[in-house]
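Reader: I'm new to this one, so please pick a single part, take me through it closely, and then show me how the surroundings fit in.

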Amino acid sequence: MKCAETTVIEERREEASAPARKPQAEPNKGVITLPMGLLGFEQVKHYTLLGSAEEAPFLWLQMVEDPSLAFLVISPSVVVNSYEPEISDEEVKFLELADAKDALIFNIVTVHANGDATVNLKGPIVVNRRTLIGKQVVPLNAARYELHHPVAANSSN
Amino acid sequence: MLVLARKLNQQIVIGDDIYVKVVRMEGDVVKLGIQAPISVPVHRQEVYDEIQKSNKAALTSGPRSIPKLPDKNSRR
């Protein structure tokens, strides 16, 4: 299945220190489950996706079990013009994707020691918008995409 | 891990429909031909390893700051 990234779900939440605007009715609402975790973090299965107007288009994928740990993520459409990771049939089945539009895709951003930011286009995180079940996928066409695609550089472009 | 010795052109079968064949041996490099259904991803181990490394480098603990994006998205 070829997934063209369209929109990103943003959850606007206050920082932990500020009072919450409204209480959450369901504690598990909006929790993304990665049954296989992330590569290198296979044991961690539950994340929340947090964002704010100031930080957009970046979002934080924060570990539920340890909210001090998070990954900076971004929708690939912000960084590249056409991103079409090919997801294997097995993974489409695993994620129960009926349609390419079911897939919410975002990619992990690394901020390097020198301040440069790169995004991993080789291993996108693909989440089913309906079930909020996701997986870090190595797409069939992974060779096309970079592990460290530049997002922003300290120097010009 | 199952270890099998194969000579050039010999093949192994995994499950019902995955075949791995030694197609060439060049010095210390073994070229493998892999036949698998399109539904089964086949990747060099290194791809997984490098993504793992990248994930680990990306994990943020402590203060969170956002990189600046060039032009496209300005803070209002």
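Author: Let's start with helix H1(B), where B:Ile51, B:Ser54, B:Asn55 and B:Ala58 are buried. Look down the axis of H1(B) and those buried residues fall within an arc of 100°, so they line one face of the helix. (The arc is taken from the directions that lead from the helix axis to the C-beta atoms.) Over on the other side of H1(B), B:Gln45, B:Glu46 and B:Asp49 are exposed. "Buried" here means 20 or more other C-beta atoms within 10 Å of the residue's own, "exposed" means 12 or fewer, and "partly exposed" is what's in between, with C-beta atoms placed from the backbone.

Keep in mind that this is a predicted model: local features need pLDDT of at least 70 and side-chain atom pairs count only at pLDDT 80 or more, while totals for chains, interfaces and linings use all residues. As for labels, residues are numbered from 1 along each chain as its sequence is written, and chains are lettered from A and ligands numbered from 1 in the order in which they are written.

Back to H1(B), which has 14 residues and reaches 20 Å from first C-alpha to last, close to the 20 Å expected at 1.5 Å a residue. (That expected span is 1.5 Å times one less than the number of residues.) Helices and strands are DSSP runs numbered from the N terminus: H or I with at least four residues for a helix, E with at least two for a strand.

So what sits over the buried face? Among the things that cover the buried residues of H1(B) are S4 and strand S5 (103-111) of chain A. That takes us to the meeting of the two chains, where chain B puts in 26 residues and chain A puts in 32. Two residues are in contact if their C-beta atoms, placed from the backbone, lie within 7 Å. On chain B's side, helix H1 (45-58) and strand S4 (60-61) are the elements that give two or more residues. H1(B) brings the largest share of that side, ten residues. Sort chain B's side by type and you get 13 nonpolar, eight polar and five charged residues. (Ala, Val, Leu, Ile, Met, Phe, Trp, Tyr, Cys and Pro count as nonpolar; Asp, Glu, Lys and Arg as charged; the others, Gly among them, as polar.)

S4(B) also meets chain A strand to strand: S4(B) and strand S4 (residues 69-74) of chain A pair in the antiparallel sense over two bridges. Two strands pair if DSSP finds at least two bridges between them. In this pairing, B:Ser61 of S4(B) stands opposite A:Leu69.

Now follow S4(A) into its own chain. S3(A) and S4(A) run antiparallel and are joined by five bridges, with a hairpin of five residues linking them. Five of the six residues of strand S3 (residues 58-63) of chain A are buried, so S3(A) is largely enclosed by the rest of the structure. Strand S2 (residues 46-50) of chain A runs antiparallel to S3(A) too, over four bridges. A:Leu61 is a good spot to pause: A:Leu49 is its bridge partner in one pairing, and A:Phe71 is its partner in S4(A). Leaving out residues up to four places away in sequence, A:Leu61 touches A:Tyr47, A:Leu49, A:Ala70, A:Phe71 and A:Val73.

A:Leu61 also belongs to the largest nonpolar core, which has 42 residues; A:Leu59, A:Leu61, A:Val73, A:Ile74, A:Val109 and A:Val126 touch the most other members. (Such a core is a set of buried Ala, Val, Leu, Ile, Met, Phe, Trp, Tyr and Cys residues joined through C-beta atoms within 7 Å.) Several elements each supply at least two residues of this core, including S3, S4 and S5 of chain A and our starting helix, H1 of chain B. S5(A) gives the largest share, six residues. In soluble globular proteins, nonpolar side chains tend to be buried together.

One last detail is in the loop between S2 and S3 of chain A, where you'll find A:Pro57. The peptide bond between A:Ala56 and A:Pro57 is cis, with omega about 5°.
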